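Let's take a friendly walk through this model, with a ligand site and a pair of helices as the two stops. Have the viewer ready.

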Amino acid sequence: MALFEDLAGKTAIVTGASGGLGLHFAEALAKRKVHVMLAARSRDKLDSAVQEIRSQGGSAEAIDLDVTRADSVAEAFAAIRRNIDIVVNNAGISGGAAAIDQSEADFNAVIATNLNGVFLVAKAAAQRMKAQGNGGSIVNIASILGLRVAGNLSAYAASKAAAIQLTKSMALEWARYGIRVNALCPGYIETPINQDFFQTEAGKALVNRIPTRRLGMAEELDGPLLLLCSNAGSYMTGSALVVDGGHLVSSL
Ligand code: NAD
């Protein structure tokens, strides 16, 4: 079987899929004939994303989900009647602020989304996968900021570091059920949300510190994502796969 072909006919949930990288990941899976469930809070955006995927010949549906709320996660999973093969925990917020000024509420919101959200969704998915009895793949979208720090992103960096450790713990505990759990750690990827920042002097200076001297493109995450989701990565679990143009190995 050719690379990634085993994905055809599988079902994936992608959280935070109403835009940005989440929507891109959903499209990348749909192109591999995966039925994608786009899960997020804003129904309007989700519905148009689903229409877009269907118009390209993909199979998709929308699910209402707030990853920070256990009741929302339980409701979303209860409504899913299919077998769940793949989960991409992509929902995330950055909550940028200097630690000395950041409110407790803002700090908690970042942890609630980027860490607790991953826990709630992965746990619900693992319970289903265990009951189904044929394993599965969970990919947690972390960041290079889970492995190094940058100014004014302390809550984000802490949440992503914790998400990487959570990934490893889950991988250890769930290998017995055939469930692989890996973290994908992107560097700076150009998305509509950060495009403007990278036109500023500060943004350009940041790009200059990346050894490859450029931002990543969303498409450059497709291979690593599909690797972790498919049988091509069948012996990978508990890994934190870095895709960053060499940013983490930039010279000190
Ligand atoms: P984005 O803000 O465009 O997308 C985040 C998505 O998460 C949005 O659709 C948002 O609605 C959703 N979301 C937020 N809170 C949610 C909640 N409580 N429940 C459900 N959905 C929720 O950002 P993005 O750049 O597309 O980032 C996607 C993921 O990739 C994030 O986890 C982010 O930390 C990670 N990441 C992004 C980059 C980058 O350069 N863009 C780099 C490294 C990691």
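Axes here are lines fitted to C-alpha atoms, for helices over the stretch in contact, and angles run from 0 to 180 degrees between N-to-C directions. Helices (H or I, at least four residues) are DSSP runs numbered from the N terminus. This is a predicted model, in which local features need pLDDT of at least 70 and side-chain atom pairs pLDDT 80 or more, while totals for chains, interfaces and linings use all residues. Residues are numbered from 1 along each chain as its sequence is written, and side-chain values use heavy atoms, without hydrogens and water.

**The helix pair**

The axes of H1 and H7 (residues 222-229) come within 11 Å and cross at roughly 65 degrees. On the H1 side, His24, Phe25, Ala28 and Leu29 meet Asp222, Leu225, Leu226 and Cys229 of H7; contact means heavy atoms within 4.5 Å.

**The ligand site**

H1 (20-31) also serves the ligand: along with H5 (154-174), H1 supplies at least two residues of the shell. In total, 27 residues surround the ligand, and the closest are Leu21, Asp66, Asn90, Tyr156 and Ile189. To count as near, a residue needs a heavy atom within 4 Å.

The table lists polar contacts of the ligand (pairs of N or O atoms within 3.5 Å).

| Ligand atom | Protein partner | Distance |
|---|---|---|
| nitrogen | Asp66, side-chain N or O atom | 2.9 Å |
| oxygen | Asn90, polar backbone atom | 2.8 Å |
| oxygen | Lys160, side-chain N or O atom | 3.0 Å |

The protein covers 86% of the 820 Å² of accessible area that the ligand has on its own, by the Shrake-Rupley method with a 1.4 Å probe.

Definitions and conventions: A polar contact is a pair of N or O atoms within 3.5 Å; within protein, one must be able to donate a hydrogen and the other to accept it, and residues adjacent in sequence count only if both atoms are side-chain atoms.
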